[in-house]
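Biologist: Could you take one helix of this model and look at it closely, starting with what its buried residues pack against, and then follow the connections outward into the rest of the chain?

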Amino acid sequence: WGEFGVSPGPGQINFWGGDRIIGFSHQNGLKVKAQHLVWHRYFNGQDPLLPDWLVTDNGIAQYPKEELAFYLKDFITKTVNHYNDSFPGTINKWCVVNEAGSNTAGLIPNLWVDSLGPEYVDSSFVWARAAAGPDIKLYYNEYFYHGAAYGGARIQSKIDFAYDVVSRLVQKGIPIDGMGFQSHIPAIGYPGKAVVSADMKRFTDLGLEVYITELDVELIAPITQEKLEEQAIIYKEVFEIALENPLIKLVCLWQFNDAQSWLGAGAESCIMDSLYNPK
């Protein structure tokens, strides 16, 4: 909400930027996976991804619990309703909650859990379903380390916690359709197809769909032909995982050419180079 003036004041939402993207998709008959409705990101006690009217300079909520819950519900409801009404049928998936788990244990400290408790996850999905209706898929999105370059080795406890959160939602009848695996996979430390496949299967065994939402494969300079071939194998194996599990419904590349990569062109993490040449 705090980026690009999306929410300039209490109860206010600026849809201009979103309308351009979703409107283009609508005009061209493209379906959209939209993310995300609930996020947070503490930096040095502050949360720049939430607007100033919502948080104090040290990351504390400006409002009591009941009022904060109202604003969270209001943002989710208005946002989903706006795109349903303005561009009907275009958004077919919403990421409701993004990156809620910590790299150690439990939910990462953030405005929502600090102020509303862990139940904010349940409430967010209930509010999103009420606005979205029954046909739009709702999912929880998380990053898991399936490599070592920037995040460290795979953290079993992080995957276990996400499974606990999602399975609890399923058991309670909270409306959730899928689990998003971001899948930023550094080639260094990649644990192999069997491990990644098993991590995803835990969630499809719950009857949920799995979405590979942000796939790229980071390389470390200097880039060699051997490293590019290793990268190609990882991309191939991720697609094999998706094709072999009927409940893995989507693979989304996180940019597709190196010039646009969030990791920088030097990581050569995409399926095309900076000149749009297929690798």
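Modeller: In this predicted model, the buried residues of helix α2 pack against α1 (16–27), β1 (32–38), β2, α3 (111–116) and α4. The residues of α2 that are buried are L68, Y71, L72, D74, F75, I76, T79, V80, H82 and Y83. The helix itself covers residues 65–86, 22 residues in total, and spans 31 Å from its first C-alpha to its last, which is close to the 32 Å expected at 1.5 Å a residue.

Two of the buried residues of α2, L68 and L72, are also among the residues touched by W112, whose other contacts, leaving aside residues up to four places away in sequence, are W1, V38, W39, H40, L50, L54, G117 and Y120. W112 belongs in turn to the largest nonpolar core, a set of 71 residues in which L54, W112, Y120 and F125 have the most contacts.

Among the elements that α2 packs against is β2, and from there one can move into the sheet. Strand β2 (residues 91–98) runs parallel to β3 and is joined to it by five bridges, with K93 having K137 as its bridge partner in β3. On to the next strand, β3 also runs parallel to β4 (residues 178–181), through four bridges, and here Y139 is partnered by G178 in β4. Strand β3 (residues 137–142) is largely enclosed by the rest of the structure, because five of its six residues are buried.

Helix α4, another element against which the buried residues of α2 pack, leads to the charged pairs. The count of salt bridges in the model comes to twelve. In one of them, D122 pairs with K172, with 2.7 Å between the closest N and O atoms; D122 sits in helix α4 (residues 119–132) and K172 in helix α5 (residues 156–172), so that the pair links distant parts of the chain, 50 residues apart. The two partners differ in burial, since D122 has a relative accessible area of 7% and is buried, whereas K172, at 51% relative accessibility, counts as exposed.

Further along the chain, K193 forms a salt bridge with E244, the closest N and O atoms being 2.9 Å apart. Because K193 lies in helix α6 (residues 193–204) and E244 in helix α7 (residues 225–244), this pair ties together parts that are 51 residues apart in sequence. K193 counts as partly exposed at 23% relative accessibility, while E244, with a relative accessible area of 53%, is exposed. The pair also belongs to a network of salt bridges that links K193, K236, E240 and E244.

A further salt bridge joins K279 to D258, with the closest N and O atoms 3.0 Å apart. Both residues lie in the segment after β7 (248–253), and the pair ties together parts that are 21 residues apart in sequence. Here D258 is buried, at 1% relative accessibility, and K279 is partly exposed, at 43%.

Notes
Residues are numbered from 1 along each chain as its sequence is written. This is a predicted model: local features need pLDDT of at least 70, side-chain atom pairs count only at pLDDT 80 or more; totals for chains, interfaces and linings use all residues. Side-chain values use heavy atoms; hydrogens and water are left out. Buried means under 20% relative accessible area, exposed over 50%, partly exposed in between (1.4 Å probe, protein chains only). Two strands pair if DSSP finds at least two bridges between them. A salt bridge is a side-chain nitrogen of Lys or Arg within 4 Å of a carboxyl oxygen of Asp or Glu. The expected span of a helix is 1.5 Å times one less than its number of residues. Contact means heavy atoms within 4.5 Å. A nonpolar core is a set of buried Ala, Val, Leu, Ile, Met, Phe, Trp, Tyr and Cys residues joined through side-chain atoms within 4.5 Å.
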